[in-house]
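Dear colleague,

Please find below the sequence and structure that I am handing over to you. My notes on what was found follow directly after.

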Amino acid sequence: MKEHVKNRIKNLEEQIRKSTKKTTVEDVSSESFYSYRHANRLFTSVNGESINTFSNKIRIRKSAELLKYGSDSISHIAYDVGYESVAAFSKAFKKIYGQSPAAFRENTKIGHHVNGADFKSPEYHITQYLN
């Protein structure tokens with residue numbers, strides 16, 4: 001793959017990471033200068049997953065941080081990270097973390113552990129769920 005193509009895909013990846021909303025076809029096209037379909041093929045070949053899957057994981061990861069450190073309601077967090085319904089958010093969250101957002105919030109309070117991970121540690125990263 002040519003270097004300029006890799007750079008476009010990496011730029012797209014960074015934009016998805018920075019975004020607080022669901023990534024749209026228009027976002028992808030304007031950032032990558034490719035059609036969504038072509039950008040998605042290239043993105044998948046570089047990252048091993050589709051733009052949509054990657055974007056959803058990033059949004060869920062952001063929501064986990066908000067649940068862990070914030071006090072906003074679950075519905076507010078769901079809308080903040082771009083979900084149109086709490087049910088869709090909860091389903092996506094449970095698919096990645098294996099528990100509901102409410103259970104995650106309860107289990108990640110100081111002194112709790114989830115799946116053997118110490119959430120008290122500032123070095124803890126949720127990147128294991130992005131692979």
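**Findings**

Leaving aside residues up to four places away in sequence, S55 touches I16 and T23. Please note that the model is a predicted one. S55 itself belongs to helix α4, which covers residues 51–69. Its relative accessible area is 2%, and because buried means under 20%, S55 counts as buried.

I16, one of the residues touched by S55, also takes part in the meeting of α1 with α3. The axes of helix α1 (residues 3–18) and helix α3 (residues 36–47) come within 10 Å and cross at roughly 90°. The helix α1 is therefore roughly perpendicular to α3. On the α1 side, the residues involved are V5, I9, K10, L12, E13 and I16; on the α3 side, they are A39, L42, F43, V46 and N47. By character, the residues of this contact between α1 and α3 comprise eight nonpolar, one polar and two charged.

A further residue to inspect is T108, in the loop that runs between α7 (101–107) and β1 (113–114). T108 is buried, because its relative accessibility is 4% and the cut-off for buried is under 20%. Which backbone oxygen does the side chain of T108 reach at 2.8 Å? That oxygen belongs to F104. In addition, a polar atom of the T108 side chain lies 3.4 Å from the backbone oxygen of R105.

With kind regards

Definitions and conventions: Residues numbered from 1 in each chain as written. Predicted model: local features only at pLDDT ≥ 70, side-chain atom pairs only at ≥ 80, totals over all residues. Heavy atoms only, no water. Helix = DSSP H or I, 4+ residues; strand = E, 2+ residues; numbered from the N terminus. Buried < 20%, exposed > 50% of the residue type's maximum accessible area, 1.4 Å probe, protein only. Polar contact = N/O pair within 3.5 Å; in protein donor to acceptor, adjacent residues only side chain to side chain. Contact = heavy atoms within 4.5 Å. Axes fitted to C-alpha atoms, helices over the stretch in contact; angles between N-to-C directions. Parallel < 35°, antiparallel > 145°, perpendicular 65-115°, else oblique. Nonpolar A, V, L, I, M, F, W, Y, C, P; charged D, E, K, R; others polar.
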